[in-house]
Structures are given as C-alpha cells and as structure tokens.
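This briefing goes through a few local features of one structure. Look over the sequence and the model first, then read the points below.

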Amino acid sequence: MTKPANQSGDSAEDVKNSTLYKIRHSLAHVMAQAVCDMRPGSTRGFGPPVDNGFYYDFVLSEPLTPEDFKEIEKRMKRILKLGQVFEHEDLAIPDALKTLEDLGEAFKVAYAKELAEKNNYETLSFYKNGPFVDMCEGPHVEKTSKIPAGCFKIRSLAGAYWRGDEKNQMMTRVYAWAYETKDELDEEVRRWTEAQKRDHKKLGQSLDLFTIDPVVGKGLPLWLPKGTAIRDELEKLAQEEEFRGGYQRVATPHVTRDELYYQSGHLPYYADVMYPPMVVEETVDSDGGEQEQAVKETYRLKPMNCPHHHRIFAARKRSYRDLPLRLAEYGQVYRFEEHGALSGLLRVRGMCMNDAHIYCTEKDIESEFLEVMNLHDRYFKLLGIKDYSMRLSLWDPDDPKGKEKYVDDSAAWASTEDLVRRAMQKSGMDFTEVKGEAAFYGPKIDIQLRTVTGREETFSTNQLDFAIPRADRMNLVYTGADGADHHPYIIHRAPLGTHERFVAYLIEHFGGAFPTWLAPVQVRIIPIGEKFNDYAYKLETELRNALVRVEVDGSDDKVNRKIRNGATSKVPILLIVGEREQSDSTVTLRRYGEKDQPTMAFDQFKTELHAEISARTMRRQPGL
C-alpha cells in the first residue's frame, strides 16, 4: 500500500499551521529571549521546531550548563505570563539589514544578504514579542499567555556549527521538549529517560563492544572481542540466507584507482564524502617492453563496493543463462563524514556493508526486487523489529539541479520507478513515496528505523540501477537469447546495512540484552566455591568444543556478587555449579530476565542450548 509522505496525511503547510507547531516555534523565541537575558551579549543562530520540541543556537557570552536549565525555564514561564503579543512585520531589505545590525546579529546579517541575493527578495519577515525581535517566517501563537506553562522542558546542550558547516563557527544548541499538554510532555520525558539507558554509546562502552580511539581517528571504530562476536553472528546469518538465495560471495580491495569511480559515475557525485586521493608513482613497462618508465597513479579509499562488483561481472563473458547473477560481500568502505555528523556507531567514517549486486534482465526485476524485500522482512521478524517504515525514493524532474543530481533519462526513470512500485505493491508492505531522494542512477527503497531516542535513520536500501551498466558508464553486457549484446539492470541491496549502524540499532533495540544466539558471551559458569572450579572449567571446555561462547567466573567474589555481575553484563545464561551439580553432572540455570532457576542434566542443557542457538530463538521481548 502506498501512503502519502506525511503519515498523518497533512501537508507541510498543514503542519506549519498546526497548534503544536506554533507552540514550539513560539517557545523557541521565548527561550532565546530568556537565554539572552541571562547571557547579555550573546549572538543568535536559528531556532526551529523539531519532532519533539524545538532548539535554538547561540554563540554565548558565557557558557551554559545543565544547572542553568531551571533558571531558563523560570524566566520562560515569566515571559509566558506577560502575554507578549507576536507581531509580524515585513521589512524592506535595507531596513531588515539595519535591524539585524542594530541587534548585533552578525550571523543573520550575512544570511539575510544571501537570501536577498539568491532569491531576489525585496522584503524579509520579522516577528516581535515584547523586547525580542527575530527574523522569522512564523507562524506563532497569538500571544505568549496562550502557551501552557507546563508543556515544555529544557532537555540538553550540544555543539552545532553555524548552518551545519564544520568550516563555520561552533555554536551552543539548547534543546527543549514541547507538547500541547503536560501529560504528553511527561510521557516523552519518561520515554527519553529510558532511552538514555539504552544509548548504544554508553552500552557499547560498559559492555566492552567497541571503542573509538582518537589516535586511530574520529569515526573509525575499533571492534573489541565482544562486539566482533556480534558482527560475526550477523555476517554468518547473512551468509546463510544469501547462500540459500543463490548469492555468490566475492571479496574486493580497500583501495582502487580513481578511474574506476569516473567510469561508474560516482565521481564527481560522491567526491565530497570520499577521503582525499592518494597520488603514487609507479613503474610500468614502455610500449616496447624494453624500457621502464615512471607514471603517476591516483588511488582512492573505497567509498562503496558496487564498482568493484561491476568489474567482477565484466571479468568474464556473460550470457542471459548466467542471469540473475547475485554477487555478495560484507565489504569495508570509507567515507569522510563531516565531524559534526559523527555519532558513535550511527555515523562513522569506516564501515562494513552487507552489500550485494544482482545483475538481471528487465523481466527479472520485479521478482528479484520482491525477494530482496522478503529478505528484509525475514530479518526484521527474526530480530523482533517492528518500528520501521519504507520510503520509495524517486527522482524529481522539476528539481532545478536535477541534471547535476540524476542521470538525464526521463523514460528510464518512469519505467524503473513503475517496476519498483509494482514490486512493492505486490509485497503488501506499506511504503511512502518521496520525490528528490533517489540515487543518481535509479529509484530505491529506503528502510527507515526509529532509534530509541526517536530519531529516524536510513538503515538499509534496495536500489534499482538502469544507468551504470550502459555504454557511457561501465558498459556491462551479456549476450541475449537473440545473440546480441544487452546491458543488464542492477539491483543494489544491503538489507542489514552496515555492521556499524545496524549493531548500534540492535544495542538500543535489545538494551544490550541480546538473545542467546547473538550475545557476545552466551553462557557464564559460576562455581559457588573454589573447589568446584575444576568442574566449571570442564563444562567450559565441553561448551567451547560445541562452539558456544562461554566463560567461567573464577574470581574470589561471593556467589551473589558473581550473579549480579552476570546480570549487569547482560549475559543471557548463567550456570550455577556446586556440590550437588558436580555430583550429579547437572547445572542450575539462571536466564537473564527470567525467574525460574531449573536444575537439569548438563547434557540435556547442552542439547537444548544447541537447538536454541541453531534456531536463533528469541526467548524474550527486546530490552528486558
């Protein structure tokens, strides 16, 4: 089923005119007024509404801390009581610039000049409430007293570059929640507080999953042994599913000559997110082979796997009988994301992608695309993922920069978009359609997952490529049944996205308490006294020989402390062993999040554990 891009059915204009939008936008001005009263001489940036409230950016004359939040809220509530009226005025450009200059708003003076020059504006919109004046489109509530005093709360501080460009000055961003009622606000605060306990950056550190070392470099995570175990399990899952689906695994290098990316068309489209080129001097044979000469070659760190897979396709003569050809790789890629965008594992500069490329004929597109979507569905059901949405990202023929962003072939866009749309409709999965978000070479399905903090991120994609195989790009061909050469279509797919982003999501999704098959340590054995250590280590050896990730807590801690440590580490299964267990060859079982503590024969436990891991069983709801 196709849904409109806004799930509620409201247009962007409807949203802007909603009561909640006006409350949030008005509170942004109220907060800016309060902060500037507290920190005279501060300079303002922007202050828009966002999904759960609003924020405002400042260059502060004196820093703020979380201890200042109550004072800011107190001053804001005082402003609400004053009933300041929001007055709108359109100022001619010279008057607008003078007003901003008089206010000392150097950032907005530069921005106003840019707006006027680029858009030929004759006026700019301003709003005034009490002594506070801001360049702003609105809309706002009628007056501050219309805003309930208990509907907002300051949330946090963050750094933000002016206009999101890391070359610009760093500002202080003050975030706040805002809802129409106090009950809605309280529920959001409760949910957010719980979400912080699941934050993948905090859990990743406390559970020893990964680290980001400044000596190695920003955005380049180091996977610790326990985090690597999770990666390995996900890759094993993908390998099994892809093997059943007829995929063939390949491996490609981390660097390549940049000529490859000119052939594919990724340069210059992706130049901004690539690491700088590496120019090296190489010795090659001259034409006659008698003399050597030095030439300069330019190499790039691999930002995507697809051009390498295309060269594998081109390495052999292909026939229509070889298609669909499905090439898969968990391939390491590097993208130089802006510093301000980096965030734990969610935004990184080095990532390992669950990539595959399906080379097929036009008649195979629908069935192949549909099977990839079914693969997504199987993964999500296995992992208990329910809070996601799918977006059909289309080209925008009306975009003035369309020829720079997309391959210029309206007929191909129309036909491939229709093929993807039909496949999605046949899948029965809900999706929205969004113009202007397609890849430069074709339409795609973006799978959006919502993190525990409420932020929506693209975690995986399924893309249809009609352009790169053509003669003016990589000239990929196969011999058809008619004996002539044809260009294949390519489906680019990554159902599990990258290890980095997907593991970040799973850490928060499970609250660090992974199901047994995915847990870094699946079993921890706890002897209740030193004299039972030998029995514990004997069981460890048997489980390790059965490929179970197991460890023994042989510390001098008391049993209750060992059990608490196991719970804190979120180990799914603790085995308690003492006199009775050793005599009877049994174990007493404690599962994370379960009250029952059965005692059973060790051989029975091992058999049941093997079945549980093999079936990738989910024994509990995520996050318990």
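**Selected features of a predicted model**

V255 lies in strand 13, which covers residues 255-257. The model is predicted. The points below start from V255 and then turn to a helix and a group of paired strands.

**Surface around V255**
- V255 counts as partly exposed because its relative accessibility is 35%, and the partly exposed class lies between 20% and 50%.
- Together with M278 and V280, V255 makes a nonpolar surface patch of about 190 Å².

**Helix 8**
- Helix 8 takes in residues 225-244, 20 residues in total.
- At 1.5 Å a residue the helix should span 28 Å, and the 29 Å between its end C-alpha atoms agrees with this.
- Its buried residues include G227, A229, I230, L234, L237 and A238.
- Charged residue names also appear among the buried residues of helix 8, including R231, E233, E235, E241 and E242.
- G246 follows helix 8 and has a positive phi, near 85°.

**Strand 28 and its partners**
- Strand 28 (residues 586-591) is largely enclosed by the rest of the structure, because 5 of its 6 residues are buried.
- Strand 27 (residues 573-577) runs antiparallel to strand 28, and 4 bridges join the two.
- Within this pairing, L575 stands opposite L589 of strand 28.
- Strand 28 is also joined to strand 29 (residues 599-601), by 3 bridges and again in an antiparallel arrangement.
- M600 in strand 29 is the bridge partner of V587.

How values were computed
Residues numbered from 1 in each chain as written. Predicted model: local features only at pLDDT ≥ 70, side-chain atom pairs only at ≥ 80, totals over all residues. Heavy atoms only, no water. Patch = residues over 30% accessible without salt bridge, like charges linked within 9 Å, V, L, I, M, F, W, Y side chains within 5 Å. Areas by Shrake-Rupley, 256 points an atom, 1.4 Å probe, with all protein chains shown as cover. Salt bridge = Lys/Arg side-chain N within 4 Å of Asp/Glu carboxyl O. Helix = DSSP H or I, 4+ residues; strand = E, 2+ residues; numbered from the N terminus. Buried < 20%, exposed > 50% of the residue type's maximum accessible area, 1.4 Å probe, protein only. Expected span 1.5 Å × (residues − 1). Pairing = 2+ DSSP bridges.
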